[in-house]
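Biologist: Before we turn to particular residues, I should like to see the sequence and the structure together. Could you display them, please?

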Amino acid sequence: MKQLLLFFTLLITISPIHSQQNLPTDYLSKEFHKERREAFRNLMPANSVAVIFSYPERVFSKDINYNYHQNPDLYYLSGYKEPDAVLFLFKEPQGTGETYTELFFVREKNANREIWTGRRLGIEGTKSKLGFTNVHNGKDFKDFVLDLKKFDKIIGDKIPTDIGSDKSGFDLYGLLETFKTKAGITKENENSADLFTTITNTLREIKTPEEMELMRKTIKLSCIAHNEVMKAVGPNMSENEADGIHAYVHRHYGAEGEGYPPIVGAGANGCILHYGENNSTKIDNQLLLMDVGSEYHGYSADVTRTIPANGKFTEEQKAIYQLVYETQEEVFKICKPGTPIQNLNQKSKEVIAAGLIKLGIITDPKDARIYYPHGCSHFLGLDVHDKGNYMGNLKENMILTVEPGIYIPANSKCDKKWWNIGVRIEDDIAITKDSYENLSAESPRKWQDIEKLAAQKSTFNEMKFPKI
């Protein structure tokens with residue numbers, strides 16, 4: 001009996017240590033993250049240290065947390081995906097004898113907790129899988145000899161203030177408090193946060209070949225999902241069901257989820273820029289605006305298509321759609337290295353204003369902002385609204401969106417035939433040496449091509465479920 005109990009005890013203790021099988025093989029490599037840390041260090045001033053904390057866990061309901069999402073900057077620099085961690089990067093080597101240029105304090109291995117909440121890398125896993133040398137448990141940070149007050153500059157993002165504590169002293173809250181004590185910080189250093197932003201903007205706005213590969217994949221599978229909904233959609237489909245098709249296709253291809261809350265709005269709901277309820281039970285014979293992009297290994301797509309639920313655009317829908325399409329085409333023409341990023345937005349405003357005047361919807365170009373209230377482009381990558389210098393020029397290997405739109409809610413000051421028409425077309429482009437590449441071209445944009453695809457049947461049309 002004692003031997004049997006010992007066997008089960010050992011099984012419970014060691015089972016979380018076993019490596020997980022059949023994992024994806026296309027994660028960013030430890031060499032990628034190491035090279036990014038070196039690039040970051042090269043942009044640091046003399047006698048400085050950078051500090052990057054993990055994101056906090058967030059409560060979903062009572063004692064259940066949301067699925068954890070790492071601080072993109074920490075993931076970019078380390079590949080580490082767990083909470084309760086802090087990474088230090090030093091401009092110059094530290095210590096005597098065996099020196100170091102980085103320190104990583106991570107969540108401790110805990111066999112009992114891993115049974116409940118999943119595997120942890122711990123010190124050895126962080127070394128072997130992520131390529132770090134100087135790794136310590138978070139609980140050791142408090143007593144670790146590290147004089148942060150000697151540095152001329154401590155570079156870090158804004159310190160969050162809404163983090164709970166588990167009273168251990170080495171959760172994220174504890175790590176932050178220990179850091180502030182070691183650094184002698186009594187209030188947030190805005191100059192430090194500005195410098196951190198400048199460095200991360202500079203690095204992350206230009207995608208490496210490894211990042212480009214992941215971006216192509218996440219955008220491609222997002223296009224496949226949009227196309228599948230185009231084929232499956234009908235007046236009796238709900239917004240939530242259309243949303244669910246996207247989610248299924250994303251996961252079928254290995255995406256971890258979506259890069260942002262999906263926007264799937266029919267008719268009047270499509271005129272709400274960040275509509276998120278997705279709960280209309282019938283799309284009816286209206287336009288369906290779908291702003292949905294997958295997140296694959298941390299990298300987000302951002303694709304929007306607007307389609308007629310019954311497969312055919314009305315004349316009014318077609319007129320608005322064509323104007324948005326033509327606006328996008330005009331913006332594409334200036335998407336090349338050297339173009340000021342602000343010009344993309346200005347060009348889109350000019351074209352939409354002229355088009356709305358021609359349709360009789362407005363008379364003053366300034367009123368175009370009533371129906372087109374957002375910008376045309378943003379950087380895309382680890383964040384859906386990714387880091388980058390928006391006051392700069394387009395450069396090779398940037399990835400941005402081009403997303404003009406027109407939204408005419410009910411009771412607008414125009415002919416009511418235009419009411420409740422909301423159209424956005426959003427594509428993800430990579431800036432090339434001389435021009436651009438539309439990475440989301442696989443999903444049709446022309447109204448004729450959308451109607452043609454909508455005439456096809458989807459495998460989802462054949463699915464039958466019991467009534468409830």
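Biologist: Is Leu221 buried or exposed?

Modeller: In this predicted model, Leu221 is found in helix 8, residues 209-232. Its relative accessible area is 3%. Because buried means under 20%, Leu221 counts as buried.

Biologist: With which residues is Leu221 in contact, leaving aside its neighbours within four places in sequence?

Modeller: Leu221 belongs to helix 8, and the neighbours within four places in sequence are set aside here. The remaining partners of Leu221 are Val249, His250, Tyr253, Ala255, Ser294 and Tyr296.

Biologist: What separates the C-alpha atoms of Leu221 and Thr101?

Modeller: Along the chain, Leu221 and Thr101 are 120 residues apart. In space, their C-alpha atoms are separated by 39 Å.

Biologist: I should like to discuss charged pairs next. How many salt bridges does a search of the whole structure find?

Modeller: Side chains of opposite charge can pair when their charged atoms come close. A search of the whole structure for such salt bridges gives a total of 27.

Biologist: Which residue forms a salt bridge with Asp73?

Modeller: Asp73 lies in helix 3 (residues 72-78), and its partner lies in helix 7 (residues 190-204), so the pair ties together parts that are 131 residues apart in sequence. The closest N and O atoms of the two are 2.6 Å apart. Asp73 is buried, with a relative accessible area of 3%, and the partner is buried as well, at 2%. That partner is Arg204.

Biologist: Which residues are linked with Asp73 and Arg204 in a network of salt bridges?

Modeller: The salt bridge between Asp73 and Arg204 is part of a network of salt bridges. Besides these two, the linked residues are Lys207, Asp383, Asp386 and Lys387.

Biologist: Which residue meets Arg58 in a salt bridge?

Modeller: Arg58 is in the loop between strand 1 (48-53) and strand 2 (59-61), while its partner is in the loop between strand 7 (153-156) and helix 6 (172-183), 104 residues apart. Arg58 is partly exposed, with a relative accessible area of 36%, and the partner is partly exposed at 49%. The N to O distance is 3.2 Å, and the partner is Asp162.

Biologist: In the salt bridge of Arg36 and Glu35, which residue counts as buried?

Modeller: The two side chains meet at 2.7 Å, N to O. Glu35 has a relative accessible area of 39% and is therefore partly exposed. The other residue has 8% relative accessibility, so the one that counts as buried is Arg36.

Biologist: What is the phi of Lys167?

Modeller: Most residues other than glycine have a negative phi. Lys167 lies in the loop between strand 7 and helix 6, and at 74% relative accessibility it counts as exposed. Although Lys167 is not a glycine, its phi is positive, at about 70 degrees.

Biologist: Where is Asp284, a residue other than glycine with a positive phi?

Modeller: The phi of Asp284 is near 60 degrees. Asp284 is partly exposed, with a relative accessible area of 39%. Its place is in the loop between strand 9 (263-266) and strand 10 (287-292).

Biologist: How many Å apart are Pro160 and Ser192, C-alpha to C-alpha?

Modeller: Pro160 is found in the loop between strand 7 and helix 6 and counts as partly exposed, at 33% relative accessibility. In sequence, Pro160 and Ser192 are 32 residues apart. Their C-alpha distance is 14 Å.

Biologist: Which UniProt annotation covers residues 28-169?

Modeller: Over residues 28-169 the chain is 25% helix and 24% strand, and the end C-alpha atoms are 32 Å apart. According to the unreviewed UniProt entry, the annotation for these residues is "domain: Aminopeptidase P N-terminal".

Biologist: At what angle do the axes of helix 10 and helix 11 cross?

Modeller: Two packed helices are described by the angle between their axes and the distance between the axes. The axes of helix 10 (residues 315-332) and helix 11 (residues 341-358) come within 9 Å. Their crossing is right-handed, and the angle is roughly 145 degrees.

Biologist: How many residues of each class does the contact of helix 10 with helix 11 have?

Modeller: Helix 10 contributes Leu323, Thr327, Glu330 and Val331 to the contact. Helix 11 contributes Leu344, Lys347, Ser348, Val351, Ile352, Gly355 and Leu356. By class, these are six nonpolar, three polar and two charged residues.

Notes:
Residues are numbered from 1 along each chain as its sequence is written. This is a predicted model: local features need pLDDT of at least 70, side-chain atom pairs count only at pLDDT 80 or more; totals for chains, interfaces and linings use all residues. Side-chain values use heavy atoms; hydrogens and water are left out. Axes are lines fitted to C-alpha atoms, for helices over the stretch in contact, and angles run from 0 to 180 degrees between N-to-C directions. Helices (H or I, at least four residues) and strands (E, at least two) are DSSP runs, numbered from the N terminus. A crossing is left-handed if the near helix is turned anticlockwise from the far one by less than a right angle, and right-handed if clockwise. Contact means heavy atoms within 4.5 Å. Ala, Val, Leu, Ile, Met, Phe, Trp, Tyr, Cys and Pro count as nonpolar, Asp, Glu, Lys and Arg as charged, and the others, Gly among them, as polar. A salt bridge is a side-chain nitrogen of Lys or Arg within 4 Å of a carboxyl oxygen of Asp or Glu. Buried means under 20% relative accessible area, exposed over 50%, partly exposed in between (1.4 Å probe, protein chains only). UniProt positions are given in the numbering used here, feature names are shortened, and annotations may be inferred rather than shown by experiment.
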